[in-house]
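Reader: I would like the labels used for this fold justified, each against its criterion. Where do we start?

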Amino acid sequence: MSPILVRPVREQLEHDRIIRLLHGKAKRRYDAGMNPGAERNTGVGNGAGAVYPDIVLHSQERGRRLEAVVEVETGESVNHLEALAEWAHFARLRAAFHLYVPSNMMDVARRLCEDNHITVHEFWSYNAIGDDVRFALVHRSKDVPEPLPVPKKAEPKPAAKVKPASDRKSTRLNSSH
């Protein structure tokens with residue numbers, strides 16, 4: 001559970017709306033799961049060590065490799081406690097960590113990450129004006145973690161193709177020379 005025990009209702013509604021918008025966009029490229037509010041629909045890890053970021057992105061390939069985790073914050077939730085309790089754990093996963101914060105809190109979020117040695121692969125800011133939400137990529141790290149390899153089944157080697165006799169070039173010498 002987030003260290004913010006009670007987020008103001010207005011901010012919680014905005015938080016969940018942004019999660020749903022991002023989830024809708026992510027479904028085009030990933031097998032995406034979301035955890036709005038206090039829901040725990042899609043986790044990463046097992047047992048007591050499981051974490052529940054706002055959005056979990058898996059590849060659409062058969063192995064469903066974990067590609068990225070997304071955390072959305074509001075003005076109230078960009079703080080030292082949140083950074084240590086959630087961001088630090090998400091940054092240690094073997095997947096890219098994307099952090100979305102209100103544009104007026106971007107400097108605070110970056111400073112918290114630097115002070116606490118939290119690696120964020122993509123920093124995004126957002127502005128919500130009425131029903132319109134605009135996202136802006138602020139920073140993309142060049143250091144993206146290597147995903148765990150997906151074991152591949154050994155494929156049988158294709159048999160050598162033999163050309164039909166009509167396609168083969170004649171190697172006989174013409175006896176008329």
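Author: Two strands pair if DSSP finds at least two bridges between them. In this predicted model, strand E5 (residues 122-129) and E6 pair in the antiparallel sense over eight bridges.

Reader: What stands opposite Phe-123?

Author: Phe-123 stands opposite His-139 in E6.

Reader: What makes E1 and E6 the edge strands?

Author: The open sheet has six strands in the order E1-E2-E3-E4-E5-E6, with mixed pairing. Strand E1 (31-34) and strand E6 (132-140) each pair on one side only, and they are the edge strands. From one strand to the next, the twist averages 20 degrees.

Reader: Why is H2 called oblique to H3?

Author: The axes of helix H2 (residues 80-91) and helix H3 (residues 106-115) come within 10 Å and cross at roughly 60 degrees. Angles under 35 degrees count as roughly parallel, over 145 as roughly antiparallel and 65 to 115 as roughly perpendicular; the rest are oblique. The crossing angle therefore makes H2 oblique to H3. The handedness of this crossing is right-handed.

Reader: Which residues meet where H2 contacts H3?

Author: From H2, His-80, Ala-83 and Trp-87 meet Ala-109, Leu-112 and Cys-113 of H3. By class, that contact has five nonpolar, one polar and no charged residues.

Reader: Which strands does H3 lie across, and at what angle does H3 run to E5?

Author: H3 lies across E4, E5 and E6, and runs at about 155 degrees to E5.

Reader: And at what angle does helix H1 run to E6?

Author: Helix H1 (residues 9-26) runs at about 70 degrees to E6. The strands that H1 lies across include strand E3 (66-72) and strand E4 (96-102).

Definitions and conventions: Residues are numbered from 1 along each chain as its sequence is written. This is a predicted model: local features need pLDDT of at least 70, side-chain atom pairs count only at pLDDT 80 or more; totals for chains, interfaces and linings use all residues. Side-chain values use heavy atoms; hydrogens and water are left out. Axes are lines fitted to C-alpha atoms, for helices over the stretch in contact, and angles run from 0 to 180 degrees between N-to-C directions. Helices (H or I, at least four residues) and strands (E, at least two) are DSSP runs, numbered from the N terminus. A crossing is left-handed if the near helix is turned anticlockwise from the far one by less than a right angle, and right-handed if clockwise. Contact means heavy atoms within 4.5 Å. Ala, Val, Leu, Ile, Met, Phe, Trp, Tyr, Cys and Pro count as nonpolar, Asp, Glu, Lys and Arg as charged, and the others, Gly among them, as polar.
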